[in-house]
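User: I am new to this structure and would like a careful look at a single part of it, the open sheet, together with what surrounds that part. Please take me through it slowly and explain each term when it comes up.

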Amino acid sequence: MTMDPVTEQWLRQIPEVEKVLQRYADAQVVVVADRCFQPQWDVAYPTFFIEADEQHKTLTTMEQLWSWLSEQHVTRHALLINIGGGIISDMGGFAAATYRRGIDYMNIPTTLLAMVDAAHGGKTGINFGGMKNQIGVIRQPVATVIDTRWLETLPTRAFLSGYAELLKTMLLDSRESVMQAVAVLEEWSEGKLRMTNDELQRTIHRAIDIKERIVHADPDEKGLRKQLNLGHTIGHALEEAGIQRGMPIEHGYAVMQGMVAELYLSQIILRTKECTKDKCTMYKGQMYDVQRTNVRCTKGTRDTEMLRLMSRILIEYYGKMNYSCKDYGKLITLMQDDKKNLAPGEINFTLLLHAGDARINQTATDEQIREALDYLFNI
Ligand SMILES: NC(=O)c1ccc[n+]([C@@H]2O[C@H](COP(=O)([O-])OP(=O)(O)OC[C@H]3O[C@@H](n4cnc5c(N)ncnc54)[C@H](O)[C@@H]3O)[C@@H](O)[C@H]2O)c1
Ligand SMILES: [Zn+2]
């Protein structure tokens with residue numbers, strides 16, 4: 001990775017960073033940063049570097065970080081700055097939330113995923129007992145400062161991982177937001193976009209606004225915020241299965257897969273409520289009358305546009321995963337262990353009737369989940 005040196009001066013040139021640092025002018029400032037920046041690090045603030053991978057998002061690393069904060073004699077009035085992707089904001093945020101019952105922290109996200117998602121909303125935590133983000137708390141940062149210059153050095157897979165979360169957010173907003181984001185993705189893939197491009201920046205800020213609006217309405221995830229879990233029930237199961245197979249995949253890649261499967265599930269669960277008389281059945285994204293399989297269902301007109309669009313994007317940019325029906329039992333068990341579930345054995349989903357219309361607290365039968373996985377792995 002080549003990048004200019006990260007200096008205090010460079011950071012302070014970002015107006016929002018300077019504003020926050022002025023507010024904390026008399027406070028102690030410490031930094032938690034991704035180890036990938038260490039070679040070009042030239043910041044005077046005491047800095048704790050973390051290896052940004054899921055294997056290090058653990059209690060052991062957290063203990064080292066807590067010890068380091070104690071050794072630095074960090075007081076309750078200090079400011080902690082996280083500089084890195086989602087792993088850093090999750091861990092630094094968790095340390096800030098727990099150390100001395102909580103100190104202030106600011107996020108400076110350096111990956112797309114952290115810019116549009118992880119660094120906003122105050123969810124922090126670590127993996128535990130083989131489960132992702134099993135331990136954590138919600139504590140809001142005092143600021144999250146976006147500077148897309150960080151993205152210039154981001155590998156393609158990390159960019160696409162973040163873009164999956166961005167597309168998810170757009171799906172929660174409107175068809176127009178989705179279409180605009182897809183157009184930007186297509187331009188990027190043709191090599192026409194620099195990371196500092198205006199259109200990309202606008203898309204990133206639009207996604208941030210949508211997420212912030214949702215989080216603001218429901219910071220503790222009692223209801224509305226659950227919308228943001230679209231794609232994450234099946235996505236988390238795939239992410240964990242990847243870790244257990246010794247072949248971890250990026251969070252956003254798992255979310256993209258999960259989103260396609262859950263958009264399919266949305267079709268068989270949400271709309272069938274409107275045409276139960278016909279007992280419609282879905283085949284390749286279209287609904288048919290179960291009695292006359294050559295006749296398209298007309299009672300509950302289905303909006304399959306987003307399912308088809310996301311399926312195409314999955315194939316073109318993310319690639320299919322290598323799972324077969326032999327793996328479904330394991331994946332469903334992982335979903336049953338998901339912390340989002342409200343009752344034991346009942347798997348909780350956020351589904352989407354159409355762009356901008358998400359339905360939280362939905363459940364699905366094993367059979368429906370298997371059908372959705374069949375769709376996903378055989379697109
Ligand atoms: N708290 C939340 O709401 C929330 C939401 C989504 C995801 N997450 C968590 O976020 C994590 C994933 O975050 P991520 O995708 O940002 O991953 P990450 O932090 O692991 O970063 C991805 C990779 O990019 C490298 N990197 C970071 N910035 C770079 C830069 N500017 N240039 C080049 N390389 C850079 C990192 O070293 C790492 O190898 C997961 O642990 C996930 O659980 C949390
Ligand atoms: Zn996510």
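Analyst: What follows begins with the chain as a whole, turns to the sheet and its strands, and then moves outward to the core, the helices and the ligand.

This is a predicted model, in which local features need pLDDT of at least 70 and side-chain atom pairs count only at pLDDT 80 or more, while totals for chains, interfaces and linings use all residues. Residues are numbered from 1 along each chain as its sequence is written, and chains are lettered from A and ligands numbered from 1 in the order in which they are written.

The protein chain holds 13 helices and 13 strands, where helices (H or I, at least four residues) and strands (E, at least two) are DSSP runs numbered from the N terminus. Of its 379 residues, 42% count as buried; a residue is buried if 20 or more other C-beta atoms lie within 10 Å of its own, exposed if 12 or fewer, and partly exposed in between, with C-beta atoms placed from the backbone. Among contacts in the protein chain with a separation of 6 or more, 70% are between residues 24 or more positions apart, a contact being two residues whose C-beta atoms, placed from the backbone, lie within 7 Å.

The sheet itself is open and has 5 strands in the order E4-E2-E5-E6-E9, with parallel pairing; two strands pair if DSSP finds at least two bridges between them. At its edges are strand E4 (47–50) and strand E9 (143–144), each of which pairs on one side only.

Strand E5 deserves the closest look. Strand E2 (residues 29–34) and strand E5 (residues 79–84) run parallel and are joined by 5 bridges. Along this pairing, Val 29 has Leu 79 of E5 as its bridge partner, and Val 31 stands opposite Ile 81 in E5. E5 is also joined to strand E6 (residues 104–109), by 6 bridges, and these two again run parallel. Here Leu 79 stands opposite Asp 104 in E6, and Gly 84 stands opposite Pro 109 in E6.

In a regular strand the side chains alternate between the two faces of the sheet. For E5, Leu 79, Ile 81 and Ile 83 lie on one side and Leu 80, Asn 82 and Gly 84 on the other, and all of these are buried. E5 is thus mostly covered, with 6 of its 6 residues buried. Strand E6 is likewise largely enclosed by the rest of the structure, because 6 of its 6 residues are buried: Asp 104, Met 106 and Ile 108 point one way, and Tyr 105, Asn 107 and Pro 109 the other way.

The largest nonpolar core has 102 residues, and those with the most contacts inside it are Val 32, Leu 80 and Met 91; such a core is a set of buried Ala, Val, Leu, Ile, Met, Phe, Trp, Tyr and Cys residues joined through C-beta atoms within 7 Å. Leaving aside neighbours within four places in sequence, Val 32 is in contact with residues that include Phe 48, Ile 50, Leu 80, Asn 82 and Met 91. The largest share of this core, 12 residues, comes from H10.

Among the helices, H9 (residues 232–244) has 13 residues and reaches 17 Å from its first C-alpha to its last, close to the 18 Å expected at 1.5 Å a residue, the expected span being 1.5 Å times one less than the number of residues. Because 10 of its 13 residues are buried, H9 is largely enclosed by the rest of the structure, and what covers those buried residues includes E8, helix H10 (251–269), helix H12 (328–336) and strand E12 (349–354). Helix H6 is mostly covered too, with 15 of its 18 residues buried.

H6 also leads to the ligand. Around ligand 1 there are 29 residues, of which Gly 85, Gly 86, Thr 111, Ala 118 and Lys 123 come nearest; a residue is near a molecule or strand if its C-beta atom, placed from the backbone, lies within 6 Å of it. The elements giving two or more residues to this shell are helix H4 (86–98), helix H5 (112–118), strand E8 (131–138) and helix H6 (156–173).
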